[in-house]
There are 2 protein chains.
Amino acid sequence: MSLKHAILVMLDKEPSSGYDLMKQFNSGLGYFWNAKHQQIYQQLKKLSEDALITCEEEPQHGKPDKKVYRITEKGQQVLKQWLHEPSVPAKINDALLVKIWGGHHLTPKALLKDITEHKNRHTETLSSLRQLERAFHDLSDAEKMHYQLPFLTLRRGILGEEAWLKWAQEAENTLKK
Amino acid sequence: MSLKHAILVMLDKEPSSGYDLMKQFNSGLGYFWNAKHQQIYQQLKKLSEDALITCEEEPQHGKPDKKVYRITEKGQQVLKQWLHEPSVPAKINDALLVKIWGGHHLTPKALLKDITEHKNRHTETLSSLRQLERAFHDLSDAEKMHYQLPFLTLRRGILGEEAWLKWAQEAENTLKK
DNA sequence: ATTCAATATGCAATTTATTGCATATTATTC
DNA sequence: GAATAATATGCAATAAATTGCATATTGAAT
């Protein structure tokens, strides 16, 4: 229901191309909302048709031209309305947990391997989130105030990853027996 | 990519009707994999067509008849193959976090309200997970062994919910200033 | 008797998401 | 000069998920 709104939120902060958005979905916001590049381009098209955003081609030096999208008045209205609605609960689709839940066909070793691979990714994510956190702490008070809300989402990421890794430790202890 | 596999996992443990599965998706496994009843019935149909499961109508007393599905040999093969593949990273779609990330249009009060509503749901979930955990601890050693893997997923749920609530506390402290 | 909640299943239409191509520019490296 | 990586965008087809109905049985409560 709302890749649309995620894009509006992003464009409301800063006009961007599809490619810019894609990069954000692969880092910052992407931590909380998944989208592949196809989905983004499709939504941009749709949002343009509905006049919630406008598009302007912008020549670049050293890089292919890009289409810069901007949120419109109408888009802002739609965004604000969405912001005021109660947000729907997060949706989780976690294949690893499904596998563990029904994993009696697998050896503990096979499960551990799968868990370890995930652990590596979570460890990397956590470390990059912590780097962002340190950068935040170095900001001036005014800047900290300005980034207060994104910082909260960063904290959510950090606490989430820490909890994941703590669990992985438990799981490893159990499965190694 | 794998509501299909989640259903096979469930049917491998125990033959069930669509309604049975739906209830599980609204409690146990549903914590890690979302599915609405329509999706379940549609998948059951497809899985039957592909001969990964069979269907048998079972009359009941006191309740409408139900269709009991069982996993077939072929289904077990498909399931085992899936279990041996590395599992895809979990997908998160969390509208609340998107909203907070771009929530400068909202008052802290409005954000707090949204967070509080989510907090209530998470509190309830945590409390029911903890109840399951206590029930597990009362089991015999043999039974504990038997439920080892589902217990790990339960622990994941508990650690995840605790982390969420810890974050909510931080967010409230920040936003109440 | 009638309403309500739980049980039980499904069709049809639409919206979203995914997969598999496909293309073009420029900078950098070999 | 040729290959590669990063930038930048897209079509077409399919698969998956959601929404909005729609129906039927039974038990328990009013």
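The legends below describe close-up views of a predicted model in which protein chains A and B surround DNA strands C and D.

**View 1. Surroundings of DNA strand C.**
In this predicted model, 23 residues surround DNA strand C. The closest of them are Gln39(A), Tyr19(B), Gln38(B), Gln60(B) and Lys67(B). Of the atoms of DNA strand C that come within 4 Å of the protein, 62% belong to sugar and phosphate. By residue class, the surface near DNA strand C holds five nonpolar, 10 polar and eight charged residues. Chain A supplies at least two of these residues from helix H3 (37–49). Chain B does so from helix H2 (18–25), helix H3 (37–49) and strand S2 (66–71). H3(B) gives the largest share, five residues.

**View 2. Side-chain contacts to DNA strand C.**
Which part of DNA strand C does the side chain of Gln38(A) approach? An N or O atom in the side chain of Gln38(A) is 3.3 Å from a base oxygen of the strand. Two residues of chain B are shown with phosphate oxygens instead. Gln60(B) places a polar side-chain atom 2.3 Å from a phosphate oxygen of DNA strand C. For Lys91(B), an N or O atom of the side chain is 3.2 Å from a phosphate oxygen of DNA strand C.

**View 3. Surroundings of DNA strand D.**
DNA strand D is surrounded by 23 residues, and the closest are Tyr19(A), Gln38(A), Gln60(A), Lys67(A) and Gln39(B). Sugar and phosphate make up 62% of the atoms of DNA strand D that come within 4 Å of the protein. The residues of the surface near DNA strand D comprise four nonpolar, 10 polar and nine charged. Five residues come from H3(A), the largest share of the surface near DNA strand D.

**View 4. Side-chain contacts to DNA strand D.**
A phosphate oxygen of DNA strand D lies 3.1 Å from an N or O atom in the side chain of Tyr41(A). Gln60(A) has a polar side-chain atom 2.4 Å from a phosphate oxygen of DNA strand D. A base oxygen of DNA strand D is 3.2 Å from a polar side-chain atom of Gln38(B). Two or more residues of the surface near DNA strand D are given by each of helix H2 (18–25), H3 and strand S2 (66–71) of chain A, and by H3 of chain B.

**View 5. Relation between chains A and B.**
How is chain A related to chain B? Chain A superposes on chain B, with an RMSD of 0.0 Å, after a rotation of 180° and a shift of 0.0 Å along the axis. This is the relation of a two-fold axis. Ile92(A) is the residue of chain A that comes closest to the rotation axis, with its C-alpha at 2.7 Å. Of the interface residues of chain A, 100% are also interface residues in chain B, so the copies meet through the same surface.

**View 6. Asn93(B) and its contacts in chain A.**
Asn93(B) is part of strand S3 (residues 91–93) of chain B. Is Asn93(B) buried or exposed? Asn93(B) is buried, because its relative accessible area is 15%, under the 20% cut-off. Apart from residues up to four places away in sequence, Asn93(B) touches Phe32(A), Trp33(A), Asn34(A), Ala90(A) and Lys91(A).

**View 7. Domains of chain A and the site of Glu172(A).**
Chain A is divided into domain 1 (3–84) and domain 2 (95–176). The C-alpha centres of these two domains of chain A lie 28 Å apart. Glu172(A) sits in helix H8 (residues 148–176) of chain A. Glu172(A) has a relative accessible area of 6% and is therefore buried. With neighbours within four places in sequence left aside, Glu172(A) is in contact with Leu112(A), Thr116(A) and Lys119(A).

**View 8. Ala51 in each chain.**
Ala51(A) is found in the loop between H3 and strand S1 (53–58) of chain A. Phi of Ala51(A) is near 60°, a positive value in a residue other than glycine. With a relative accessible area of 37%, Ala51(A) is partly exposed. In chain B, Ala51(B) has its place in the loop between H3 and strand S1 (53–58). Ala51(B), likewise not a glycine, has a positive phi near 60°. Ala51(B) is partly exposed, with a relative accessible area of 36%.

Methods. Residues numbered from 1 in each chain as written. Chains lettered and ligands numbered in written order. Predicted model: local features only at pLDDT ≥ 70, side-chain atom pairs only at ≥ 80, totals over all residues. Heavy atoms only, no water. Near = heavy atom within 4 Å. Polar contact = N/O pair within 3.5 Å; in protein donor to acceptor, adjacent residues only side chain to side chain. Helix = DSSP H or I, 4+ residues; strand = E, 2+ residues; numbered from the N terminus. Nonpolar A, V, L, I, M, F, W, Y, C, P; charged D, E, K, R; others polar. Least-squares fit on C-alpha atoms with pLDDT ≥ 70 in both. Contact = heavy atoms within 4.5 Å. Buried < 20%, exposed > 50% of the residue type's maximum accessible area, 1.4 Å probe, protein only. Domains from an automatic or database assignment.
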